[in-house]
2 protein chains.
Amino acid sequence: MQISSRFTVAVHTLLVIHTFKDQKTTSDFIAASVQVNPVIIRRTLLSLKAAGMVEVRAGSGGASIVRDLSDITLYDVYRAVECVDGDLFHFHENPNPACPVGRNIHAVLDCHLADAQRAMENELKKVTLLDITRELQTKLN
Amino acid sequence: MQISSRFTVAVHTLLVIHTFKDQKTTSDFIAASVQVNPVIIRRTLLSLKAAGMVEVRAGSGGASIVRDLSDITLYDVYRAVECVDGDLFHFHENPNPACPVGRNIHAVLDCHLADAQRAMENELKKVTLLDITRELQTKLN
DNA sequence: TATGGTTGTAATCGATAAGATTACATCAAA
DNA sequence: TTTGATGTAATCTTATCGATTACAACCATA
């Protein structure tokens, strides 16, 4: 199983808003670049808005980024749109407490899973949208 | 979306086989500890066998670990049972090449996603089954 | 203020994947 | 040969994602 594309869609969305900040970046416009349904983009924007990253103009249309790009990490975007209830690894629900292994499996495994998840998240925290937009600019030249 | 429970089920399975190595660890026996259907355990064992970690006695029943515990990392188990085609993050399929963002989104994002995935996997590589069994033994005392 | 384009949001659909379960052929040892 | 396991296919349920349709609410502007 994979982490859903909501994350990459959200990053793409933010990059479009930034790149075309002089135009009206409607959900249809963004959807044309991402090539997903506009409703997906609207839902993505709702999540990003809830996280305080963008503002969306209902009625007139368009979205803008309202936080400094250097203050938005990939991790922030990941958390804003991904439905992770906190745990990356799904644990089987009912290990048998009557068994010494079942009774202790969580105690011996949880910390290692948390370490792995944290390592992944820390990597995402290292990269800001500013970094990404600069890399994008380099590609465009 | 989460990584499936196949991974934690597989680790649990290996721990049961090791902990009860003096008994006949059938799929029913293991399933009773994990509390999943025995067929799930049999499929898990098939994967672990394909990865050269266990041998399973068809007919007579039971499974054994056939590699040194210090030579089996959590990452090995993860790869053996998890259907990851390689990528942890699912990328939206068709970014629009006619858009400067769509055309370059992979170029600017892929390496960061790979870094994050690698960081997670490296953490899993640090932990061996020997470590886990020792921690389990500590809990049991 | 009437219009038209846009957002917010619900509802439905199809696809995919996981795990549960049933069934049974195959196998190996007693 | 009987008995208890494994190997494996098939089916079912459930959950989630993304696509899609539909429409009310919204707002700038003509």
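Start by selecting B:R79 and B:E121: in this predicted model the two form a salt bridge, with their closest N and O atoms 3.9 Å apart. Now show the cartoon for chain B. B:R79 sits in helix 4 (residues 74–81) and B:E121 in helix 5 (residues 100–125), so this pair ties together parts that are 42 residues apart in sequence.

Switch on a surface while you're here. Is B:E121 buried or exposed? At 9% relative accessibility, B:E121 counts as buried, because the cut-off for buried is under 20%. Its partner B:R79 comes out at 36%, which makes it partly exposed.

Next, stay on helix 5 of chain B and pick B:R118 and B:D115. Both residues belong to that helix, three residues apart, or about one turn. Their side chains meet in a salt bridge too, at 3.2 Å from N to O. On the surface, B:R118 is partly exposed, with a relative accessible area of 43%, and B:D115 is also partly exposed, at 29%.

For the last stop, jump to B:R57 and B:E55. Here's another salt bridge between side chains, 3.6 Å from N to O. Colour the pair by accessibility and you'll find B:R57 partly exposed at 32%, while B:E55 is partly exposed at 41%.

Want to keep going? How many salt bridges does a search of the whole structure find? The count is eight over all chains, and the stops above are among them: B:R79 with B:E121, B:R118 with B:D115, and B:R57 with B:E55.

Terms used: Residues numbered from 1 in each chain as written. Chains lettered and ligands numbered in written order. Predicted model: local features only at pLDDT ≥ 70, side-chain atom pairs only at ≥ 80, totals over all residues. Heavy atoms only, no water. Salt bridge = Lys/Arg side-chain N within 4 Å of Asp/Glu carboxyl O. Buried < 20%, exposed > 50% of the residue type's maximum accessible area, 1.4 Å probe, protein only. Helix = DSSP H or I, 4+ residues; strand = E, 2+ residues; numbered from the N terminus.
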